[in-house]
Amino acid sequence: MVVISSVLVGCSAARAAPPPYGFNGLAFAGLVEPHGEDGRLDYVLDGANGAELRFASCAQVVATEAAAVREDQYPVFRLLRTNCQALARYASGRPAGGSHLPEALTPALVGALPTAALPAVGGQPMVPTAGERLKASSGVAAIEALSGGRVRVLTRDDDIVYTLMAQGDFDGDGVQDMLLRLDWRARDAFGRGVELLQITRRTADGPAELSWRWRAAP
């Protein structure tokens with residue numbers, strides 16, 4: 001059975017109950033069962049040589065070069081690698097001692113993130129304006145809730161979806177983190193990508209922070 005993190009409406013203040021600790025298996029297509037950092041998979045892609053590439057574990061995904069995958073399936077392979085990285089980071093974490101984040105990913109929380117949480121288009125994160133938040137950025141047209149606890153951000157150029165992948169303490173400071181997958185596509189041009197972001201809020205009245213990011217190699 002895939003382990004799913006609980007998703008409840010919460011507040012930003014620290015809670016008496018332990019913060020949630022879990023992985024959102026519903027967001028990982030092909031995941032049969034988490035097992036440490038090397039989840040059991042049932043996932044098939046077409047290989048560059050015409051044969052099937054069948055993945056039974058994240059270890060196989062990590063060991064596979066992109067050149068072994070048929071070119072038109074590179075985006076799907078990058079998504080698979082990103083989901084495996086999310087599972088590995090979750091497996092290396094632990095329950096947090098306290099939290100200043102809500103228990104669900106909300107438009108308000110995404111809007112409070114720094115503009116550095118926008119996609120790294122072309123492999124480079126945008127140069128943020130100091131202190132600027134997504135909700136106040138002139139480049140952001142809308143921030144809205146989607147089904148499944150996801151949040152969509154529309155900019156002048158991109159359609160971006162943030163998905164909560166895991167909750168827990170992933171950097172060892174005792175404070176709750178959220179691990180988000182960021183999926184983006186260009187609205188009027190060719191281009192798409194996927195990244196992982198780790199966000200936190202270290203104090204009840206402190207800002208939401210982007211504390212870590214990861215992007216699969218092309």
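This tour goes through the structure stop by stop, saying what to select and what is found there.

**The whole chain.** Begin with the full chain in a cartoon view, and keep in mind that this is a predicted model. The secondary structure comes to three helices and ten strands, and if you follow the chain from its N terminus, the elements run β-β-β-β-α-α-α-β-β-β-β-β-β. Of the 218 residues, 45% count as buried. If you switch to a surface view, the chain exposes about 10,500 Å², with carbon and sulfur atoms supplying 54% of that area. Among the contacts between residues at least 6 apart in sequence, 52% join residues at least 24 apart.

**The hairpin of strands 3 and 4.** Next select residues 40-46, which are strand 3, together with residues 52-57, which are strand 4; these two strands pair in the antiparallel sense over five bridges. To see the register, show Val-44 and look across to strand 4, where Arg-54 stands opposite. The hairpin has five residues between its strands, and in it Gly-50 takes a positive phi near 95°.

**The aromatic pairs.** The structure holds three aromatic pairs, and two of them are visited here. Select Phe-23 and Tyr-90: the ring centres are 5.7 Å apart and the planes lie at 40°, so this pair is tilted. The pair links distant parts of the chain, since Phe-23 belongs to strand 1 (residues 22-23) and Tyr-90 to helix 2 (residues 74-91), 67 residues apart. Both Phe-23 and Tyr-90 are buried. Now select Phe-55 and Phe-77, an aromatic pair that is stacked, with 6.3 Å from centre to centre and 25° between the planes. Because Phe-55 lies in strand 4 and Phe-77 in helix 2, this pair ties together parts that are 22 residues apart in sequence. Phe-55 counts as buried at 2% relative accessibility, and Phe-77 is likewise buried, with a relative accessible area of 2%. Before leaving the rings, add Tyr-21 to the selection, as Tyr-21, Phe-23 and Tyr-90 form one aromatic cluster.

**A charge over a ring.** Select Arg-89 and Trp-212 and turn the view until the ring of Trp-212 faces you: the charged end of Arg-89 sits over this ring, 3.9 Å from its centre.

**Asp-159 and its surroundings.** Move on to strand 7 (residues 158-168) and select Asp-159 within it. With a relative accessibility of 9%, Asp-159 falls under the 20% limit and therefore counts as buried. Show side chains here, and you will find that the side chain of Asp-159 makes a polar contact of 2.9 Å with the side chain of Arg-152. Beyond residues up to four places away in sequence, Asp-159 touches Arg-152, Val-153, Leu-154, Asp-183, Trp-184, Arg-185 and Arg-187.

**Leu-146 in its loop.** Finish with Leu-146, which lies in the loop between strand 5 (140-145) and strand 6 (151-155). The relative accessible area of Leu-146 is 26%, so this residue is partly exposed. Leaving aside neighbours within four places in sequence, Leu-146 is in contact with Arg-152 and Val-161; Arg-152 is thus a residue you have already selected, as the partner of Asp-159 in the polar contact. As a last step, draw a distance between the C-alpha atoms of Leu-146 and Thr-163, which are 17 residues apart along the chain and separated by 9.6 Å.

Technical notes: Residues numbered from 1 in each chain as written. Predicted model: local features only at pLDDT ≥ 70, side-chain atom pairs only at ≥ 80, totals over all residues. Heavy atoms only, no water. Helix = DSSP H or I, 4+ residues; strand = E, 2+ residues; numbered from the N terminus. Buried < 20%, exposed > 50% of the residue type's maximum accessible area, 1.4 Å probe, protein only. Contact = heavy atoms within 4.5 Å. Areas by Shrake-Rupley, 256 points an atom, 1.4 Å probe, with all protein chains shown as cover. Polar contact = N/O pair within 3.5 Å; in protein donor to acceptor, adjacent residues only side chain to side chain. Pairing = 2+ DSSP bridges. Phe/Tyr/Trp six-rings, centres within 6.5 Å; stacked < 30°, edge-to-face > 60°. Lys NZ or Arg CZ within 6 Å of the ring centre and 35° of its normal.
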